[in-house]
Amino acid sequence: MGARIGRLRYNPVTITVVISAVFRCFRLREISSAGNARLLKNRNKVNFTQFNLDSRLLAGIKKAGYETATPIQEAAIPAALRGRDIIGTAQTGTGKTAAFVLPILNKLLEGPRNAARALIVTPTRELADQIHDVIRVLATGTRLRSATIYGGVGAAPQIQALRNGVEILVACPGRLLDLIAQGHAKMNRIEILVLDEGDRMFDMGFLPDVRRIIAAVPAQRQTMLFSATFPLEVEQLAAQSLKHPQRIAMGLSRPAYTVSHALYPVPPHLKSPLLIELLKRIDANSVLVFTRTRRRAEKLQQQIRRAGYKATSLHSDRTQGQRQAALRGFKEGIHDIMVATDIAARGLDVENISHVINYDMPDTADAYIHRIGRTGRAQKTGDAFTFVTSEDEDLIRKLERIMGQPLKRETLEGFDYAVPAPPRPAPGPRGRRGAPRSDSRRERPAPTPKSYGKNRLAPRRRK
Ligand code: AMP
């Protein structure tokens, strides 16, 4: 079995791995290419009327404020309208939600109502809410309805929504499987399945659940899979669940040319004072700060509040209600600063975030790109500051290679970097009470080493 290349024979798995590594390499080249960015900016813009969408959708598009299609919409909408399966390499922030929502709405306008006919599976509750909101706007005037299905909140309203009859479900895997098992969610009428953020679902350990969901929906369907990167497991999922898919690669992300990056070398014990000092010097009214663990996020949020700022936090130790309130408060400007774990790195669409500050260096290059993608959106500019310690040097070198340029090192003038570290408290008789917990630990099993592709930085030892 396998293909012969020159004098060597390769098995299919090797070929898939190599193709996916080359594919990733090109994607990252695109991200760092200012020339491509210019090309993208100067491309001929496509108007939504050119897609032959049902005229009833134009009111929603107008309400959303979209005038011309983004590149992913330009490529995906015509293919999806033709009924093709799609593999989209696209991050959130590229307009991919409307790229799959508009073809779904177009299809559902014809045919029966009151039955779930489209299913969008997404890894986090925040993303589910966000997609649901986009559907609500774009479906203006169509009387098509969507409902969110996810855990962490009571199931009763979701069951009621299913009983009332909705055409589109936006779901996280666990709760959806529960409601399928209890007979509340019926999958037999699903015509379109969207798997969103495939790599994130893999990272969070959701792929077995996703496979169960795929087994529950009719084989005769249209499937769209979106993912920012394609680890082998996601490629395999695609190969097993999509039919002759059209590949659409939109690796080009806005952050590359609208975000300026800076590294702030700092000893670990001075990170908080440096952050507070930095906040004083920037116009800190929409700042997203990332920490590696939930405990650090909570503690830092309190320190920032004590320094007089309106701050909140988003991590998985908080209840779903608290998470929603934090995000809403941040979006509405009630909180100027949100301290978050990587739960907020993907997908969250908050307008006008001026600064992303990596209080802790992320684990992977992908995570860095996702985090900084929260700023510089919609052609606006943004700053990404990353606090680095001597431990991070390897990661920085890899990141600079991937970004294709050195990242500038900054020092904050007048800040006293020479303050010595306080003496460490002696450990109690039973040592520390538990290790710091990262969101990723509770929310997903540790990825297997093979999931770290070439463009990823190796998993770091947790401190
Ligand atoms: P998404 O990648 O779907 O999360 O979209 C990112 C942001 O781009 C959201 O704020 C969308 O409302 C916005 N957006 C999506 N499509 C368009 C478009 N064609 N024109 C302008 N903004 C858009």
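**A friendly note on the sheet, helices and cores**

1. Let's start with one pair of residues: Leu 195 has Leu 225, in strand E8, as its bridge partner. Please keep in mind that this is a predicted model. The pair belongs to a longer match, in which strand E7 (residues 192–195) and strand E8 (residues 222–227) run parallel and are joined over 4 bridges. As background, strands of a sheet pair through backbone hydrogen bonds, either parallel or antiparallel.

2. Now step back to the sheet. It is an open one made of 7 strands, and you can trace them in the order E5-E6-E4-E7-E8-E3-E9, with parallel pairing. E5 and strand E9 (246–250) are at the edges and have a single partner strand each, so one side of each lacks a neighbour in the sheet. From one strand to the next, the twist averages 15°.

3. Which strands does H5 lie across? They are strand E3 (86–90), E4, E6, E7 and E8. Relative to E7, H5 runs at about 170°.

4. Helix H6 (residues 125–138) offers a nice check that you can follow yourself. With 14 residues at 1.5 Å a residue, it should span 20 Å, and its end C-alpha atoms are indeed 20 Å apart, so the two agree.

5. Is H6 mostly covered or mostly uncovered? It is mostly covered, with 10 of its 14 residues buried. Among them are Leu 127, Ile 131, Val 134 and Leu 138, but also Arg 125, Glu 126 and Asp 129. The elements that the buried residues of H6 pack against include helix H3 (58–64), helix H5 (96–108), strand E4 (118–121) and helix H15 (320–331).

6. The largest nonpolar core holds 65 residues, and Val 101, Leu 105, Leu 119 and Leu 138 are among those with the most contacts inside it. H5 gives the largest share of this core, 8 residues. Try finding Leu 105: setting aside its neighbours within four places in sequence, its contacts are Leu 57, Leu 138, Ala 139, Thr 142 and Leu 144. Leu 138 is familiar from point 5, as one of the buried residues of H6.

7. There is also a second, separate core, with 39 residues including Ile 357, Ala 367, Tyr 368 and Ala 384. To place Ile 357, look for Phe 385 in E15, which stands opposite. Strand E14 (residues 355–358) pairs with E15 in the parallel sense, over 4 bridges. Strand E15 (residues 382–388) has 5 of its 7 residues buried, so the rest of the structure largely encloses it.

Note on methods: Residues numbered from 1 in each chain as written. Predicted model: local features only at pLDDT ≥ 70, side-chain atom pairs only at ≥ 80, totals over all residues. Helix = DSSP H or I, 4+ residues; strand = E, 2+ residues; numbered from the N terminus. Expected span 1.5 Å × (residues − 1). Buried ≥ 20, exposed ≤ 12 C-beta atoms within 10 Å, placed from the backbone. Contact = placed C-beta atoms within 7 Å. Pairing = 2+ DSSP bridges. Axes fitted to C-alpha atoms, helices over the stretch in contact; angles between N-to-C directions. Core = buried A, V, L, I, M, F, W, Y, C linked by C-beta atoms within 7 Å.
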